[in-house]
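Thanks for coming. I will keep this brief and go through a few local features, one after another. Please look at the screen.

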Amino acid sequence: MTRFAFNAALLLACLIASPPADALPRHQAVPGGVAVIELPATGAARPQVSFRDRPVMVIAENERWFAVVGIPLSMAPGPASLSIDNPDGSALPLTFVIGNIDYPEQRLTIGNKRQVDPTAEDLERIAGDRREINRAFRSWDREPVDTAFHLPAIGPRSSAFGLRRFFNEQPRSPHSGVDIAAPDKSAVVAPAAGVVVATGDYFFNGNTVLIHHGQGLVTMYCHLSEIDVQDGERLDAGDPIGKIGQTGRVTGPHLHWSLSLNQVRVNPELFLVEPIPAQ
Ligand SMILES: [Zn+2]
């Protein structure tokens, strides 16, 4: 083998062994954020990790293993513990610290009063929607995951993740996703490869698509005017899934984009390789 060929082979081996640095989401260990924690494990077998009794995503980078943990918005700052679950049934705790974050308030006026104070019939429908959406959020497999996400829609950020919300001056749940103010009927695309795990027309979310990207990483696209995929469909990054709209509880056309990890909603922007432009 010539020296050049040897170097080329070595370079190729390095490229295969070392995924790009942006393969891991950004570490932001706060309520509503993501903790990226290196595991004290080597070898080819993917370690099994759980957090609050739910399986946690584990990805490899540079021949090291990292747990990628979604932290609930409702969790208090302070010490928290992961569990590394060994095949022999023993478990090793791994502690990390959840930091502080102050999410701003947002006050919105909704013209359709039923969307702020739903009727008994609406509440029944809302409960059914929630069951279906939570079933999609519980999706799980042990496949490798592409966590380098591209923008699902082109437009400025109109509402950040985590805002403490008041609808018609009444306190409601914090904003569990990020809003992108893309033009009505413009394209919404898959930010990474995945499988469609639910589609539906929901009371608050309107026309919605949920995609499982692997290992419990699930994304949700709401308020669409049109859904262009079906349950079970396999998607590549950039594949169209629907069109921007204003179905459900909205004040105008936009995409509400949520990201769920170990069944908790966290800031999707931590997974983006390019930022959402500020408004
Ligand atoms: Zn939203």
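Which residues does Ser83 touch, not counting residues up to four places away in sequence? This is a predicted model, to say that early. With those sequence neighbours left out, Ser83 touches Gln48, Val49, Ser50, Ala91 and Leu92. Ser83 itself is found in strand 6, residues 78–85. Its side chain also makes a polar contact of 2.7 Å with the side chain of Asp85.

Next, helix 2. This helix covers residues 120–137, 18 residues in total. From first C-alpha to last it reaches 26 Å, close to the 26 Å expected at 1.5 Å a residue. Which of its residues are buried? They are Asp122, Ile126, Asp129, Ile133, Ala136 and Phe137. Seen down the axis of helix 2, the buried residues fall within an arc of 90°, so they line one face of the helix. On the other side, Ala120, Glu121, Glu124 and Arg131 are exposed. As for what covers the buried residues of helix 2, that includes strand 14 (194–202), strand 15 (206–214) and strand 16 (217–224), along with strand 20 (255–261) and strand 21 (264–266).

Last, a sheet. It is an open sheet of three strands, in the order 8-10-11, and the pairing is mixed. Strand 8 (105–108) and strand 11 (170–171) stand at the edges with a single partner strand each, so one side of each is left without a neighbour in the sheet. Strand 10, residues 164–167, pairs with strand 11 in the antiparallel sense, over two bridges. Within that pairing, Phe167 has Gln170 of strand 11 as its bridge partner.

Key. Residues numbered from 1 in each chain as written. Predicted model: local features only at pLDDT ≥ 70, side-chain atom pairs only at ≥ 80, totals over all residues. Heavy atoms only, no water. Helix = DSSP H or I, 4+ residues; strand = E, 2+ residues; numbered from the N terminus. Expected span 1.5 Å × (residues − 1). Buried < 20%, exposed > 50% of the residue type's maximum accessible area, 1.4 Å probe, protein only. Arc of directions from axis to C-beta. Contact = heavy atoms within 4.5 Å. Polar contact = N/O pair within 3.5 Å; in protein donor to acceptor, adjacent residues only side chain to side chain. Pairing = 2+ DSSP bridges.
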